[in-house]
Amino acid sequence: MSATSATSKNKQNKLMKFLNSKKVVPYVFVSPFILSFLVLTLYPTIQAFIMSFQRILPGQVTFVGMSNYDRIFNPTFYKALQNTTVYMILTVFILVTVPILLAIFLDSKLTKFKTIFRSALFIPSLTSVIVAGVIFRLVFAESDTAVANQVLGFFGVDAVNWRYNSWSAMFLMVTLASWRWMGVNVLYFLAGLQNIPKELYESAEIDGANVFQKFKNITLPFLKPIIIFVSTISIIAGFRMFEESYVFWETSSPGNIGLTLVGYLYQQGIQQNDMGFGAAIGVVILIIIFVVSLIQLLLTGAFKRSDM
Amino acid sequence: MYKNLKVYKWIINLSLTIVCLIALFPLISLIISSFRPSSELIRRGITFNVNISEFSLSNYNYIFVQAPEYWQWYMNSLIISGLTIVLSLFFSSIVGYALAVYNFKGRNLIFLFVLFIIMVPFEILMLPLYQLMVDLQLINTYTSIMLPLIVAPIAVFFFRQYALGLPKELMDAARIDGCTEYGIFFRIMMPLMLPSFAAMAILQGLTSWNNFLWPLLVVRSNDMFTLPIGLASLLTPYGNNYDILIAGSVMTVIPIVILFIFFQRYFVAGLTTGGVKG
C-alpha cells in the first residue's frame, strides 16, 4: 500500500518536474492560442475557400467548381461594391484629415480645457452601433420637425427623406461612422504630435516659416507613419462595413442604396442559406482588401525602411 | 504678433467647442428624448422644439414594469461580457507573456500567426465558423457567442508588448528561491502587468458589450439575445417599441460612459491598442 503511494507520488513529482521545465512551460502557456488558432482561424480560413467551390444544402454537399464565382459578378454585387468603395473612400478621407486638424488644435498651447475636449470627442466611440443607429434614425427622421430637417429648414432647404435617397443614405452611413471613430483617431494623431521635438518649430519660426510651411515640412512628415496606420485600418474597416448599414435598413434597403459587400454576404449566405455562394463573396472581399491595402502601402511608401 | 495669437486662440477654442458639442449632441439628445412620450418621438423624431411640459418617466416606467425581456438581454450581456473579460484576459495574457519572456522553438512562427489573425477580416471566417457551431450544436448558447473573442490576438499582442518591458532579473531571483514557472507568472509578473490587464479588460468588455454581427448569426431565441441584438430586433419598419428602444439605449450606453469617466486612462490605452508599435 505504502509502496504504491510512494511510486504514485514519485510519478507525480516527475510530472511536476516535466511540466515545470523551461522547455515545456512556454508551450503550456501558448497552447490555448495554438488550439484556438487551429480551430477558430486556420480551419475556417481553409474551409472558406473549400466552401466557395461547393453548393451546400442540409446533408448534401456537392462540388460545383467555379459556378459560385461565375454568379458573383452580377448587378447587385456591383451595387454593393460601389457603395462599399464610396463609403471606404469618404470615411478614410474624413477620418484622416479632420482628426489631424483637431489633434493639432488640441495639442496647441493656446487651447484651454484640453482634457475635457479630448474626452468629449472620445465618448462617441463607447456607443454601440445599434444605439448610435437608434439616435441617428430619430435625428434624421423623415418628419420636418426632426433635427436634421430643422437645420435644413433654417437655411431654407426643403426637408429630406434621409433613408430613401441614394446620396443621403451614403451621408447617413459615413456620418455615423465618422461620429463614432473621430475621437479615437484624434488620439492616435495626438500621440504622434507629442513625439515631435518642439525645438524644430522654434527654429523654423526663427527662419520665418509660416503656419502652413511648418505644417507641411515638420508636422506632416512626422505624422506619416500614423497617417499610414490610420488609413490602413480605415480601408479595412471600410470594406468590412455592415452594421452602419444594418441599423438604418436591416438587410434590405430601397434600391439597395445601403447594401454593402458584407451585407450581401450576410444576405446570401445566412438569409438565403446559400453558404457556398456566401463563402465565395467572402473570398472576393478578402482579395479586394488584400489588393487595395497592398496598393495603398506601396503608394505611401510604407515598405521603405527609412520611413518607418 | 500678439494680436494674431489672440485671434488664433479664439479660432481654436471656438472650433473645438463647436466640434465637441456636435460630438456630444447625439447622446445628450438621446437622454433628453428618453423623457418624451414615445408616440410623439416616432411622429416628430429628435427635435429642437421639445415640449418640457410633456416630460415624464413613462418610458422608464414601461421598461422596468412591462419589459422583462429587456432585463433578460441585460443579464445575458452582463454575463457574456463578464465571462469574456475573465477568460480572454487569462488566455491572452499567458500567451503574450510566454511570447515575451521565453525563448522557445516556434516562438516567431506563433507571433507571426498572431499578426496573421489580426489581419484576417472576421467576416471571411464567419460562415465556416457558423457552420462549425451548427455541427457542434452550440448555436444559441453563451459559448458560441463568446468563442471568437476568447483568445484575442490584439490582446495577445498588447500583453506581449507590455511583458517585454518586465524586469527579467526578478524571474531568476524567484527561480533561485524555488518558485515554479507558473508561480513566477501568477505571483510576480501578473501583478506587475496589472495596468495592461485593466486596458484589455476594457477593450474586451466593450467589444463584447457592443458585439453585433457574430451574435446576430448564432443567437436564435429572444431569451438568448444580447442588448445590441435585442435592441436591433425592435428596429422593425412596423415597430412602435420606441419606449423600450429609447430608454433601453440610454441604459445600455450610460453605464459605459460613467465607467469611462472614472477609468479614462485605461479606456484610452485599451481602445487605441492598434496604435502600439512593435
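A residue counts as partly exposed when its relative accessible area falls between the buried class, under 20%, and the exposed class, over 50%. A:Ala191 has a relative accessible area of 42%, so it is partly exposed. This is a predicted model, and the points below take you through its two chains and the interface they form.

**A:Ala191 and its setting**
- You will find A:Ala191 in helix α8 of chain A, which covers residues 166–194.
- From A:Ala191 to A:Ile218 the C-alpha to C-alpha separation is 15 Å, while the two are 27 residues apart in sequence.

**Chain A**
- The secondary structure of chain A consists of 13 helices and two strands.
- Chain A has a radius of gyration of 27 Å, whereas a compact globule of 308 residues would have one near 19 Å.
- Measuring along the principal axes, the box filled by the C-alpha atoms of chain A is roughly 95 × 60 × 40 Å.
- Of the 308 residues in chain A, 52% are buried.
- If you take the contacts in chain A between residues at least 6 apart in sequence, 66% of them join residues at least 24 apart.
- About 15,100 Å² of chain A is exposed, with 67% of that area supplied by carbon and sulfur atoms.
- On the charge side, chain A carries 23 positive and 14 negative side chains, and the centres of these two sets are 18 Å apart.

**Chain B**
- Chain B has 15 helices and zero strands.
- The radius of gyration of chain B is 24 Å, against a value near 19 Å for a compact globule of 278 residues.
- The C-alpha trace of chain B spans about 75 × 70 × 35 Å along its principal axes.
- Buried residues account for 52% of the 278 in chain B.
- Among the contacts in chain B with a separation of 6 or more, 74% come from residues 24 or more positions apart.
- Chain B has an accessible surface of about 12,900 Å², and carbon and sulfur atoms hold 68% of it.
- There are 15 positive and 11 negative side chains in chain B, with 15 Å between the centres of the two sets.

**Where the chains meet**
- At the interface, 80 residues of chain A are in contact with 86 residues of chain B.
- Together the two chains bury about 8,000 Å², and 79% of this lies on carbon and sulfur atoms.
- On the chain A side, A:Phe29, A:Phe33 and A:Leu126 lose the most area to chain B, together 10% of what that side buries.

How values were computed. Residues numbered from 1 in each chain as written. Chains lettered and ligands numbered in written order. Heavy atoms only, no water. Helix = DSSP H or I, 4+ residues; strand = E, 2+ residues; numbered from the N terminus. Rg over C-alpha atoms; globule rule 2.2 N^0.38 Å. Buried < 20%, exposed > 50% of the residue type's maximum accessible area, 1.4 Å probe, protein only. Contact = heavy atoms within 4.5 Å. Areas by Shrake-Rupley, 256 points an atom, 1.4 Å probe, with all protein chains shown as cover. Lys, Arg positive; Asp, Glu negative; His and termini not counted. Charge placed at Lys NZ, Arg CZ, Asp CG, Glu CD. Buried area = accessible area lost by both parts, 1.4 Å probe.
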